[in-house]
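Reader: Please take a close look at one part of this model and set out, in connected form, what surrounds it and where that leads in the rest of the fold.

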Amino acid sequence: MDQKLKVGILGATGMVGQRFIALLEDHPWFEVVKVAASPRSAGMTYEEAAGNRWKMQTPMPESVKKLVVENVNEVEKTASGVDFVFSAVDMSKDEIKAIEEAYAKTETPVVSNNSAHRWTPDVPMVVPEINAGHFDVIKDQRKRLGTDRGFIAVKPNCSIQSYAPCIAAWKEFGPKELAVTTYQAISGAGKTFADWPDMVENIIPYIGGEEEKSEQEPLRILGRIENGEIVKAELPKITCQCIRVPVLDGHTAAVFINFEKKPSREELIDRLVNFRGFPQEAGLPSAPGQFIRYMEEDNRPQVTLDVGYEKGMGVTVGRLREDSMFDYKFVGLSHNTVRGAAGGAVLCAEALAAKGYIKAK
């Protein structure tokens, strides 16, 4: 790319917004030129607004410290001077839908980390290795919005990243039933242990809305485009329970699976480690060289050892074995705030740029 695309970040002071800031430091294609947040932060420098709440393990990039935070509700002003925006705003679902559409209608593409538009029929919800073809629905969305270049694209929930790629890799064998339990890190709630001392040495067996997302969102990713809308797949049937555990970063999934045509263990592992998609074929900057890694050790994957695989953009799978009630069972691990949040959105934006959907204004 000859010239970097100019990026704005909506909701820049929150944890996911901060992760966008950290991931985009020295990005070869994108440059953060605007940050926007709630009216209470507007007018401050980014350092003033987020400095004492900076939660990343790396220092705040010098390039953003002096950027003046804009009011995210002043859509025309914030949209001017940027080629596209990442959205990580903290609002009600209806407010998010409205503000993301408002930005799109300024002819500014929106790549969102939020859940509000995940089930809007003509909004693609994409894991780029799995369903980059769903970006084709953008032309229909633009007709609805009345735009030439503006649109909304979203990434799916962080809870599904550690097992949905496996379903895609095993598609030829007809995955038909999954029973899943996710063990989800506290950063998924935008928290650290300092913020949430009640989570130290504790487990909470409920995360609002997560079970529905974990059961339904993989089906939309595996779905198809019909008449300008994305229609979700009918199979596999998925049942899930989601548990908050005392881990800072990293969502683990314990999965039981049945197939229409039962493969061998060797076939399953082969399909995992050789699974590639558009990001690898196109050599996108944030793409993991190997998307899914399989580990043979009985005690892997582990959060402390494996969550940073491929800089947090890869998925680690282990403990694949036959089961007495299902065909197989396995354990998957993904980084919830990198691959599962901001990093997944950055990869989506790279794919959109590579496919020509995001261009300089």
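**One helix and its surroundings**

Author: The buried residues of α9 pack against α6 (128–131), α8 (164–169), β7 (175–184), β9 (229–231) and β10 (237–244), where buried means under 20% relative accessible area, with over 50% counted as exposed and the range in between as partly exposed, using a 1.4 Å probe and protein chains only. The elements are DSSP runs numbered from the N terminus, helices being H or I over at least four residues and strands E over at least two. The model is predicted, and local features need pLDDT of at least 70, side-chain atom pairs count only at pLDDT 80 or more, and totals for chains, interfaces and linings use all residues. Residues are numbered from 1 along each chain as its sequence is written, and side-chain values use heavy atoms, with hydrogens and water left out.

Helix α9 itself covers residues 210–221, 12 in number, and its first and last C-alpha atoms are 16 Å apart, close to the expected 16 Å, a span defined as 1.5 Å times one less than the number of residues. Its buried residues are Glu210, Ser214, Glu217, Pro218, Leu219, Arg220 and Ile221. An α-helix has 3.6 residues a turn, so residues three or four places apart point the same way.

Two of these buried residues, Ser214 and Pro218, lead on to Tyr163, which, leaving aside neighbours within four places in sequence, is in contact (heavy atoms within 4.5 Å) with Leu178, Val180, Thr182, Ser214, Pro218, Ala253, Val255 and Phe330. Tyr163, together with Trp170 and Phe330, touches the most other members of the largest nonpolar core, which holds 52 residues; such a core is a set of buried Ala, Val, Leu, Ile, Met, Phe, Trp, Tyr and Cys residues joined through side-chain atoms within 4.5 Å. Helix α8 gives the most to this core, with 5 residues. Another core, of 48 residues, lies apart from it and includes Val7, Ile138, Leu352 and Ala353.

Helix α9 also has a part in the largest pocket, which holds about 1100 Å³ of space. Its lining has 45 residues, with Val16, Ala88, Val89, Asp90 and Asn114 nearest the centre, and the elements that give two or more residues to this lining are α1 (15–24), α5 (93–104), α9 and α13 (338–354). Here a 1 Å grid is laid over the protein atoms alone; a cavity is a set of points where a 1.4 Å probe fits but cannot get out, a pocket is an open set with protein on both sides within 12 Å along at least five of seven lines, and lining residues have an atom within 4 Å of a point. Grid points are joined across faces, edges and corners, and a volume is the space filled by probe spheres set on the points. The largest share of this lining, 4 residues, comes from α1, and the lining as a whole divides into 14 nonpolar, 21 polar and 10 charged residues, with Ala, Val, Leu, Ile, Met, Phe, Trp, Tyr, Cys and Pro counted as nonpolar, Asp, Glu, Lys and Arg as charged, and the others, Gly among them, as polar.

The second largest pocket holds about 730 Å³. Of its 27 lining residues, Arg19, Ala22, Leu23, Lys311 and Val338 are the closest to its centre, and α1 and α13 are the elements that give two or more residues to its lining. Helix α1 gives the most there, with 4 residues, in a lining of 12 nonpolar, 8 polar and 7 charged residues.
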